[in-house]
Amino acid sequence: MEICRQNDQIEISELDPFLAELLRQIPASTNPDGVSAAEQRLFSSPTNGKEPELRAEWKAYVEPELRRLFQSATEMVATDLQQLNGDEKSLANRTLRIPAKHADAWLSALNQARLVIAAKNDFTETELSDHFRSPIGSRRDLSLFQINFYGFLQEFILRELDH
Amino acid sequence: MSAIADSLFELRASYGSLSAMSRERRRGVGCRAQSKETEGTTHVLDEPGSVTTAEPTQETDSEEDIDLPWQVVVHNDPVNLMSYVTMVFQRVFGYPREKAERHMLEVHQKGRSILWAGMREPAELYVQQLHGYLLLATLEKVS
């Protein structure tokens, strides 16, 4: 896989089918799927437990807006990912081009996905720091690889935003 | 400006008015009790322990209405990238990179950092923006 900035686009080329599939999983991975730990992480408390009134107002007025914000980012990413649709059985490498103006949406969706996957799997800090774990061992290892891969993409997008 | 940035702006605008509405509801009156002389006054605690601005106030509201400083606190999260957290602090608070990194490291090493302190309404808006970036942020009354 290669990733580089091409004018006003971020280009991810030489994507093998495995990595392309991980990218296609981003929108679905942002869904807490009813797992309360994941839901609570996306919509965390705005107080340290001492302001019940504020918390109630937050739930009523701010959370719906946050949901809308997160969803709009995920939808934008899903639209970009349509480039990877096609012959699912093809083993040919793919290229994904992300418009630079979509960078914020990608940062948000990647972050949502990483947080939700981490919450669902209840990863420890030690596990999250292990960037060299094989993705082939188990479903849990694959989830950890997914978090690290999405983190790598975030790092690249952040670096490009910095320039 | 990207669509997500537009959404953040809308979110900020809508919650700003909701916050004012809810404060009015708490006061039990149909209009804002705050006088023009005190509107926009901010008690800024730029660094923990040092209030840099404190405008005199002519308000004679009840004790409940006196808007004591509130802190915007960001808590450690092992998932969010350090570079991402630094960028968020720069964007939300307009801090230079060095200061943003200092706060990010404080969060990482000590578990929390006070990013800002002042009046409740802007503090709520900051927390709201930080949640929009998926950081663990809380609003806490200065004790």
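In this predicted model, the contact between the two chains draws 33 residues from chain A and 27 residues from chain B. On the side of chain B that touches chain A, at least two residues each are supplied by α1 (3-27), α2, α4 and β5. Helix α1(B) provides the largest share of that side, with 10 residues. Sorted by class, the side of chain B that touches chain A comprises 16 nonpolar, 10 polar and 1 charged residues.

**Helix packing within chain A and across the chains**

Helix α7 of chain A takes part in two helix packings, one with α5(A) and one with α2(B). The geometry of each is set out below.

| Helix pair | Residues | Angle | Axis separation | Handedness of crossing |
|---|---|---|---|---|
| α5(A) and α7(A) | 103-121 and 139-162 | about 155° | 9 Å | left-handed |
| α7(A) and α2(B) | 139-162 and 82-93 | about 40° | 9 Å | left-handed |

Within chain A, α5 and α7 pack at an angle of about 155°. Because angles over 145 degrees count as roughly antiparallel, α5(A) is roughly antiparallel to α7(A). Helix α5(A) contributes A:Ala103, A:Trp106, A:Leu107, A:Leu110, A:Asn111, A:Ala113, A:Arg114, A:Ile117, A:Ala118 and A:Asn121 to the contact. From α7(A) come A:Arg140, A:Ser143, A:Gln146, A:Ile147, A:Tyr150, A:Gly151, A:Leu153, A:Gln154, A:Ile157, A:Glu160 and A:Leu161. By class, the contact of α5(A) with α7(A) has 12 nonpolar, 6 polar and 3 charged residues.

Across the chains, α7(A) and α2(B) pack at an angle of about 40°, and the two helices are therefore oblique to each other. On the α7(A) side, the contact is made by A:Gln154, A:Glu155 and A:Leu158, while α2(B) contributes B:Ser83, B:Tyr84 and B:Met87. The residues of the contact of α7(A) with α2(B) divide into 3 nonpolar, 2 polar and 1 charged. A:Gln154 is listed in the contact of α7(A) with α5(A) and also in that of α7(A) with α2(B).

**Architecture of chain B**

Chain B contains 4 helices and 5 strands, which follow one another along the sequence in the pattern α-β-β-β-α-α-β-α-β. Three of the strands form an open sheet in the order β4-β3-β5, with antiparallel pairing. At the edges of this sheet lie β4 (112-118) and β5 (136-141) of chain B, each of which pairs on one side only. From one strand to the next, the twist averages 25°.

Strands of a sheet pair through backbone hydrogen bonds, in either a parallel or an antiparallel sense. Strand β3(B), residues 70-75, pairs with β4(B) in the antiparallel sense over 6 bridges. B:His75 has B:Arg112 of β4(B) as its bridge partner.

Helix α4(B), spanning residues 120-132, lies across β3, β4 and β5 of chain B. This helix runs at about 165° to β5(B). Both α4 and β5 of chain B are also among the elements that supply at least two residues to the side touching chain A.

Two further values describe chain B as a whole. Of its 143 residues, 33% count as buried. Among contacts in chain B between residues at least 6 apart in sequence, 66% join residues at least 24 apart.

Note on methods
Residues numbered from 1 in each chain as written. Chains lettered and ligands numbered in written order. Predicted model: local features only at pLDDT ≥ 70, side-chain atom pairs only at ≥ 80, totals over all residues. Axes fitted to C-alpha atoms, helices over the stretch in contact; angles between N-to-C directions. Parallel < 35°, antiparallel > 145°, perpendicular 65-115°, else oblique. Left-handed = near helix turned anticlockwise from the far one by under 90°. Contact = placed C-beta atoms within 7 Å. Nonpolar A, V, L, I, M, F, W, Y, C, P; charged D, E, K, R; others polar. Pairing = 2+ DSSP bridges. Buried ≥ 20, exposed ≤ 12 C-beta atoms within 10 Å, placed from the backbone.
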